[in-house]
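Reader: I have the sequence and the model open side by side, and I would like some help reading them. Could we go through a few spots together?

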Amino acid sequence: MARGVEADTVEEYLDRIGEPFSAALRTVRDRIVELLPEAEQVISYRVPVFRYHGRGLIGLSATAKECSLLLMSPPAAAALDGALGEGSFSGATLHFPPDAPLGVDTLRTIIAYRVAEAAR
């Protein structure tokens, strides 16, 4: 499966990627919404992205084997690599299996870092 799919909305993207990826990314999306309710959910470059004060903060995607949280910041990924306790980094992307969606603590850490980074 390609990272991006043709979709106009986040819901449409999640519907089109199929299970078990859809359920995992919905869980992560819902956790992000709880932690950052003021973020706007959009499709950008064919993947769901959370915009915060007009800037892309983090994104979601799925591949043939795993789910991904796109940090959209190589410096953030480098700073957080080894500090999260779940997932594995490749560049600025945190990969995780669909049967183990990222937890609230991990997402809270990433969001806090990215919000602080965006405020600079």
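Reader: Let me start with a proline: in which loop does Pro-20 lie?
Author: First, a friendly note: this is a predicted model, where local features need pLDDT (the predictor's confidence in each residue, from 0 to 100) of at least 70, side-chain atom pairs count only at pLDDT 80 or more, and totals for chains, interfaces and linings use all residues. Residues are numbered from 1 along each chain as its sequence is written, and side-chain values use heavy atoms, leaving out hydrogens and water. Helices (H or I, at least four residues) and strands (E, at least two) are DSSP runs, numbered from the N terminus. On that basis, Pro-20 sits in the loop between helix H1 (10–17) and H2.

Reader: What is omega for the peptide bond that joins Glu-19 and Pro-20?
Author: Most residues other than glycine have a negative phi, and most peptide bonds are trans. The bond between Glu-19 and Pro-20 is cis, with an omega of about 5 degrees.

Reader: How confident is the predictor, and which element has the highest mean pLDDT?
Author: The chain averages a pLDDT of 94, and 98% of the residues score at least 70. Among the elements, H1 has the lowest mean, 94, while the highest, 98, belongs to strand S6 (residues 93–96).

Reader: Now for H1: within what arc do its buried residues fall?
Author: Buried means under 20% relative accessible area, exposed over 50%, and partly exposed in between (1.4 Å probe, protein chains only). In H1, Val-10, Tyr-13, Leu-14 and Ile-17 are buried. They line one face of the helix, because seen down its axis (by the directions from the axis to the C-beta atoms) they fall within an arc of 95 degrees.

Reader: Which elements do those buried residues of H1 pack against?
Author: Contact here means heavy atoms within 4.5 Å. By that rule, the partners of the buried H1 residues are H2, strand S1 (40–44), S2 and S3.

Reader: And H2: how wide an arc do its buried residues cover?
Author: H2 runs over residues 21–35, and its 15 residues reach 21 Å from first C-alpha to last, close to the 21 Å expected at 1.5 Å a residue (1.5 Å times one less than the number of residues). Its buried residues are Phe-21, Ser-22, Ala-24, Leu-25, Val-28, Arg-29 and Ile-32. They lie on the same side of H2, because the arc they cover around the axis is only 160 degrees.

Reader: Which helix gives the most to the largest nonpolar core?
Author: A nonpolar core is a set of buried Ala, Val, Leu, Ile, Met, Phe, Trp, Tyr and Cys residues joined through side-chain atoms within 4.5 Å. The largest has 39 residues, and Tyr-13, Leu-25, Ile-32, Leu-69 and Leu-71 have the most contacts inside it. H1, H2, S2, S3, S4, H3, S6 and helix H4 (104–119) each supply at least two of its residues. With five residues, the top contributor is H2.

Reader: Is Ile-110 buried or exposed, and which residues does it contact beyond its sequence neighbours?
Author: Ile-110 lies in helix H4, and it counts as buried because its relative accessibility is 0%. Its C-alpha is 7.7 Å from that of Leu-80, although the two are 30 residues apart in sequence. Leaving aside neighbours within four places in sequence, its contacts are Ile-58, Leu-69, Leu-71, Leu-80, Leu-84 and Leu-94.

Reader: Which residue's side chain makes a polar contact with that of Ser-73?
Author: Ser-73 is in the loop between S4 and H3, where it counts as buried because its relative accessible area is 6%. A polar contact is a pair of N or O atoms within 3.5 Å; within protein, one must be able to donate a hydrogen and the other to accept it, and residues adjacent in sequence count only if both atoms are side-chain atoms. At 2.9 Å, the side-chain partner of Ser-73 is Glu-117.

Reader: Which side chain does Ser-68 pair with?
Author: Ser-68 is placed in strand S4 and is buried, with a relative accessible area of 0%. Its side chain makes a polar contact of 3.0 Å with the side chain of His-95.

Reader: One last spot: what is the relative accessibility of His-53?
Author: His-53 is in the loop between strand S2 (47–52) and strand S3 (55–62). Its phi is near 50 degrees, a positive value in a residue other than glycine. His-53 counts as exposed because its relative accessibility is 69%.
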